[in-house]
Amino acid sequence: MTNVIQISRAEREKACVVALHCSLGSGRQWKTLADELGRSHPFFAPDISGYGANGCVLDLPLTLAEEIRCLSGTLNDVEGPIHLVGHSYGGTIAFKIATCSPFAHRVRSLTLIEPVLPTLLCESEADRRLHARFAQVARDVSEDLWNGSVLEAIDMFTEFWNGSGPQDPLPSSTRLRMIERAHKLAFDFTAAFAEENVATAAASLRVPTLLLSGGLSPYLTQRIVQRLGAIMDCAEIRHLPAAGHMLPLTHASSVNPAIARHIARADELAGVPLAAAPAEAVSIAEA
């Protein structure tokens, strides 16, 4: 007789949403998403090391594994399954959590909004050119930071991520916040470029994954989303032609409902009874 594994309603309802922000941002980035999902799910939007409330961290991480260790306190506080959402560098960390971390087995769904996984683009000549250009941007921004040219570094960084979108001037308050946290950018670049075997990790993912990109974003991240979608059997791609890299903020009215629907479907799938191996087969295998 086939055994049936049931997931109770209580277990389904306690799944938490953990949302990770982009470089030079903070957990406040996710306020509108929290407003939308907070009624149905516990919601955590921690500040990544070096930003927001964690801006005074002295020992900054140089790898994604170290970033996850910095977040482990929050992730350990979260009970039950996790719905992971990540944007840009936060998407890079979310990908690492879901594929290679002590928390991977708890991930129920994954949403990646233009994750920065540049080493995924080292397989073809055309993609390698994108990788090389981004590596040069990373070197130039980091060099400006080391030389104390913080404003120049921020201008170069924001110009790249604006892609083909409008070049609107940053509000003075935003610019000041970026200046205060700009030194972390060099660490973020280092961690992103240090992550290898991304394609193999992506192919191993088995959780429902939503991939989001904007048509005005740098082609680098658009291409990363395309490559992930081609590799992952469990992925759905949503492309917003009129959006740029900051689409979680500029196009929240489209992005947030898409994330909410994705999470709801993942919760529904988690409630479907799963057939376990027959007891006889298990006993034979263990013998």
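Asn197 is an exposed residue, with a relative accessible area of 59%. This value comes from a predicted model, as do the others described here. Asn197 sits in the loop that links helix H8 (184–194) to helix H9 (198–204). Its backbone also deserves a look: Asn197 has a positive phi of about 55°, although it is not a glycine. For comparison, most residues other than glycine have a negative phi.

Ser88 makes a helpful companion to this example. Ser88, also not a glycine, has a positive phi of about 55°. Its place is the loop between strand S4 (82–87) and helix H4 (89–99). Is Ser88 buried or exposed? With a relative accessibility of 6%, Ser88 counts as buried, because the cut-off for that class is under 20%. Asn197, at 59%, is exposed, since that class begins over 50%.

From these two loops, the view can widen to the whole protein. The chain forms 13 helices and eight strands. Of its 287 residues, 48% are buried. The protein exposes about 13500 Å², and carbon and sulfur atoms supply 56% of that area. Contacts tell something about how the chain folds back on itself: among those between residues at least 6 apart in sequence, 79% join residues at least 24 apart.

Strand S6 (residues 209–214) offers a good place to explore the interior. How many of the six residues of S6 are buried? Six of the six are, so the strand is largely enclosed by the rest of the structure. The residues of S6 point in two directions: Thr209, Leu211 and Ser213 go one way, while Leu210, Leu212 and Gly214 go the other. Residues on both sides of the strand are buried.

The neighbours of S6 come next. Strand S5 (residues 107–113) runs parallel to S6, and four bridges join the two. Within this pairing, Thr111 has Leu210 of S6 as its bridge partner. Strand S7 (residues 235–240) also runs parallel to S6, and here six bridges make the connection. In this second pairing, Thr209 is matched with Ala235 of S7. Thr209 and Leu210, which take part in these bridges, point opposite ways from S6, and both are buried.

How does the chain travel between these last two strands? The connection includes helix H10 (residues 219–231), and S6, H10 and S7 together make a β-α-β unit that is right-handed. Strand S6 thus belongs to this unit and is also joined to S5 by four bridges.

Technical notes
Residues numbered from 1 in each chain as written. Predicted model: local features only at pLDDT ≥ 70, side-chain atom pairs only at ≥ 80, totals over all residues. Heavy atoms only, no water. Buried < 20%, exposed > 50% of the residue type's maximum accessible area, 1.4 Å probe, protein only. Pairing = 2+ DSSP bridges. Right-handed = clockwise from strand over helix to strand, strands pointing away. Contact = heavy atoms within 4.5 Å. Areas by Shrake-Rupley, 256 points an atom, 1.4 Å probe, with all protein chains shown as cover.
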